[in-house]
Amino acid sequence: MVQTLDARTSQGSKGQSVLMPSFTNGVPLLFAQVGLQINNPGPIIRTLFSGIVTVTANQLFNNGNLAIEVYRGLGAAQQLVYRAERIVLGNPFFSPCVLSFTGSDYNVAPPVNGQLVYSVYATFSYFPDPGVSNVRLGPESFNATVYSDD
């Protein structure tokens with residue numbers, strides 16, 4: 001039988017205004033982080049996660065690239081568990097690009113401190129670098145639910 005251990009949401013924005021700080025070309029930006037409590041897990045731990053990031057390239061003359069990376073852990077101990085990317089078309093008219101994603105992390109080792117952390121980064125890259133700012137829009141959110149077998 002499967003038991004739900006914890007579920008968390010990191011809500012950066014509901015999508016009502018431009019978010020700050022904006023992206024710096026090619027620099028990962030932490031936009032979500034959750035800490036899931038793992039108490040008395042069964043033999044197999046797995047996490048199901050989903051999220052959304054929205055950007056606009058209305059100030060770009062060329063196309064850009066939006067990448068999302070989900071890591072298990074904090075700081076230098078992070079392990080990449082998911083990556084997705086999408087081309088963002090440069091457009092002088094307002095045309096947001098939505099990247100929604102769903103993934104899983106299977107057979108996770110039980111954390112020693114009882115907390116399983118996921119950190120999510122977005123990287124927006126474009127060439128040449130025109131010094132564009134304010135391309136980061138909402139909504140931005142990340143949801144994670146952790147399960148185990150009895």
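Modeller: Two strands pair if DSSP finds at least two bridges between them; strands are DSSP runs of E with at least two residues, numbered from the N terminus. This is a predicted model, in which local features need pLDDT of at least 70 and side-chain atom pairs count only at pLDDT 80 or more, while totals for chains, interfaces and linings use all residues. Residues are numbered from 1 along each chain as its sequence is written, and side-chain values use heavy atoms, with hydrogens and water left out.

Colleague: Which residue in β8 is the bridge partner of Val2?

Modeller: β1 and β8 are antiparallel and share 10 bridges. They belong to an open sheet of four strands, ordered β1-β8-β3-β6. Within β8, the residue bridged to Val2 is Asp149.

Colleague: Why is one side of β1 and of β6 left without a neighbour in that sheet?

Modeller: The sheet is open and its pairing is antiparallel. β1 (2–13) and β6 stand at its edges, so one side of each lacks a neighbour, each having a single partner strand.

Colleague: By how many degrees are neighbouring strands of this sheet turned against each other on average?

Modeller: The strands compared are neighbours in the order β1-β8-β3-β6. Axes are lines fitted to C-alpha atoms, and angles run from 0 to 180 degrees between N-to-C directions. With direction ignored, the average turn in this sheet is 10 degrees.

Colleague: In which order do the four strands with β2 and β5 form an open sheet?

Modeller: β2 (29–37) and β5 (79–88) are at the edges, so each is left with one side lacking a neighbour. On average, neighbouring strands here are turned by 15 degrees, direction ignored. The pairing is antiparallel, and the order is β2-β7-β4-β5.

Colleague: Which residue in β7 is the bridge partner of Gly64?

Modeller: Strand β4 (residues 64–72) and strand β7 (residues 115–126) run antiparallel and are joined by nine bridges. Opposite Gly64, the partner in β7 is Tyr126.

Colleague: Which residues have the most contacts inside the largest nonpolar core?

Modeller: Such a core is a set of buried (under 20% relative accessible area, 1.4 Å probe, protein chains only) Ala, Val, Leu, Ile, Met, Phe, Trp, Tyr and Cys residues joined through side-chain atoms within 4.5 Å. The largest one holds 31 residues, and the most contacts inside it belong to Leu66, Tyr118 and Phe142.

Colleague: Which strand gives the most to this core?

Modeller: β2, β3 (45–56), β4, β5, β6 (96–108), β7 and β8 (136–149) each supply at least two residues. The strand that gives the most, with six residues, is β7.

Colleague: Which residue does Asp149 meet in a salt bridge?

Modeller: A salt bridge is a side-chain nitrogen of Lys or Arg within 4 Å of a carboxyl oxygen of Asp or Glu. The structure has six of them. Asp149 is partly exposed (between the 20% and 50% limits), with a relative accessible area of 23%. At 3.1 Å, N to O, its partner is Arg46.

Colleague: Are Arg72 and Asp105 buried or exposed?

Modeller: Their side chains meet in a salt bridge at 2.7 Å, N to O. Arg72 lies in strand β4 and Asp105 in strand β6, so the pair ties together parts 33 residues apart in sequence. Arg72 and Asp105 are each buried.

Colleague: How far apart are the closest N and O atoms of Arg136 and Glu140?

Modeller: Arg136 and Glu140 are both buried. They form a salt bridge, and the closest N and O atoms are separated by 2.9 Å.
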